[in-house]
Amino acid sequence: MNLVRSVISVFVVALVGVSIAGWVWAGAQPSPNREGARVVLAICGIASIGCLWMLWREKEASPEAEDAASTNLAKN
Amino acid sequence: MATATACSVTKPSLMERLNGQWHKQALWTYTAIVLAHWAEHLAQTIQIYVLGWNPPDARGVIGIWFPFLVSSELLHYGYAIVMLVCFWVLRKGFTGRSYFWWMVAFWIQFWHHIEHALLQGQAIVGYNLFGKPAPWSIVQLFVPRVELHLFYNTIVFIPMVIAMFYHMFPLPGEEAHANCSCAWNPRDLKRRAASLGT
């Protein structure tokens, strides 16, 4: 699980970096392009951080928990 | 005759195979295509934001050698519709929370595809909306094109990877509903191997 979410995280962290760089770059652009670009780049950054949070909040199931879940499924 | 009828009943359809025994391979292929496209968008934005290139000159990696890949509205539209079709075709392999996130990605991609259809329509007809000098989409009225499409690809990519993550590591109770071999559980594989004495 950690391997998979680490690989995904590489792409998502790159996206956070690009969003920050874009935010800085957009500051030098004329209005209204500046506001539009900054709004979507901010959403990109926040969505990326939300994605990292969702990926890393899940805990790997212990073998005992997996066995218990399998037993419950079999009973049901 | 009877044999042919029996075979046609038991043989799974292409859709059933793509969402069952071939789901894993289909998702890997689809992910490779999405990541390649995604990497091009990231490269383009790095060229603009970090390297200081002019937006018209920033064409990603492959676009430097093949500029028509960036300038052709048809290729952009074609990619958008291929993505949309893949989301729809592969959706039934997902269950529970992974299905929810997969469909979130599908509906966002649906709107993204509408925007590309507008651009493609203008390129075909030869008339640009809103009196603009080039084909223009609705949200592009408020957001520059490079940032807009980075944004679209981001908000499609994020629910898509969350869906795939929950598909590979299903929540308790959801694993039993999956008909494919995508669930990734090395610990369980080790236990099975040990029980077989290998």
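**Pocket, cavities, cores and rings**

Biologist: Which elements each supply at least two residues of the lining of the largest pocket?
Modeller: The lining draws on both chains, through helices (DSSP runs of H or I, at least four residues, numbered from the N terminus). A pocket is an open set of points on a 1 Å grid over the protein atoms alone, with protein on both sides within 12 Å along at least five of seven lines, and lining residues have an atom within 4 Å of a point. Those that each supply at least two residues are H1 and H2 of chain A, and in chain B H3, H4 (62-65), H5 (68-71), H6, H7 and H8.

Biologist: What pLDDT do local features need in this model?
Modeller: Residues are numbered from 1 along each chain as its sequence is written, and chains are lettered from A and ligands numbered from 1 in the order in which they are written. Side-chain values use heavy atoms, leaving out hydrogens and water, and this is a predicted model in which totals for chains, interfaces and linings use all residues, side-chain atom pairs count only at pLDDT 80 or more, and local features need pLDDT of at least 70.

Biologist: Which element gives the most to the lining of the largest pocket?
Modeller: The largest pocket has a volume of about 1,200 Å³ (the space filled by probe spheres set on grid points joined across faces, edges and corners). It is lined by 46 residues, and the closest to its centre are Gln44(B), Val70(B), His76(B), Arg145(B) and Val146(B). By class the lining has 25 nonpolar, 14 polar and seven charged residues (nonpolar: Ala, Val, Leu, Ile, Met, Phe, Trp, Tyr, Cys and Pro; charged: Asp, Glu, Lys and Arg; polar: the others, Gly among them). With seven residues, the element that gives the most is H3(B).

Biologist: Which helix gives the most residues to the largest nonpolar core?
Modeller: This core has 52 residues, and those with the most contacts inside it are Tyr30(B), Phe87(B), Leu90(B), Trp102(B) and Met160(B) (a core being buried Ala, Val, Leu, Ile, Met, Phe, Trp, Tyr and Cys joined through side-chain atoms within 4.5 Å). At least two residues each come from H1 (2-26) and H2 (33-57) of chain A and from H3 (23-49), H6 (73-89), H7 (96-125) and H8 (145-168) of chain B. The most, 13 residues, come from H8(B).

Biologist: How many residues are in the other core, the one that includes Val40(A)?
Modeller: That core lies apart from the one just described. Among its residues are Val40(A), Cys44(A), Tyr152(B) and Ile155(B), and the count is seven.

Biologist: Which residues form one aromatic cluster with Trp102(B)?
Modeller: Beyond four places in sequence, Trp102(B) is in contact (heavy atoms within 4.5 Å) with ten residues' worth of partners, including Leu27(B), Cys86(B), Arg91(B), Ala163(B) and Met164(B). Its contacts also include Tyr30(B), Phe87(B) and Phe94(B). The cluster joins Trp102(B) to Tyr30(B), Phe87(B) and Phe94(B).

Biologist: Is Thr95(B) buried or exposed?
Modeller: Thr95(B) is placed in the loop between H6 and H7 of chain B. Not counting residues up to four places away in sequence, Thr95(B) touches Glu174(B), His177(B) and Ala178(B). Its relative accessible area is 18%, and under 20% means buried, over 50% exposed and in between partly exposed, with a 1.4 Å probe and protein chains only. Thr95(B) is therefore buried.

Biologist: What is the volume of the largest cavity, which Thr95(B) helps to line?
Modeller: A cavity is a set of points where a 1.4 Å probe fits but cannot get out, and the structure holds two of 30 Å³ or more. Besides Thr95(B), the largest is lined by Ser98(B), Tyr166(B), His167(B), Pro170(B), Glu174(B), Ala178(B) and Ala183(B). By class this lining has four nonpolar, three polar and one charged residues. The volume is about 40 Å³.

Biologist: Which element gives the most to the lining of the second largest cavity?
Modeller: This cavity of about 30 Å³ is lined by Val34(B), His37(B), Trp38(B), Tyr79(B), Met83(B), Asn153(B) and Phe157(B). Five of these are nonpolar, two polar and none charged. With three residues, the element that gives the most is H3(B).

Biologist: How is the aromatic pair of Phe165(B) and Tyr166(B) arranged?
Modeller: Both residues are buried. Their ring centres are 5.8 Å apart and their planes at 70 degrees. Rings of Phe, Tyr and Trp (its six-membered ring) pair with centres within 6.5 Å, and planes under 30 degrees apart are stacked, over 60 edge-to-face and the rest tilted. The pair is therefore edge-to-face.
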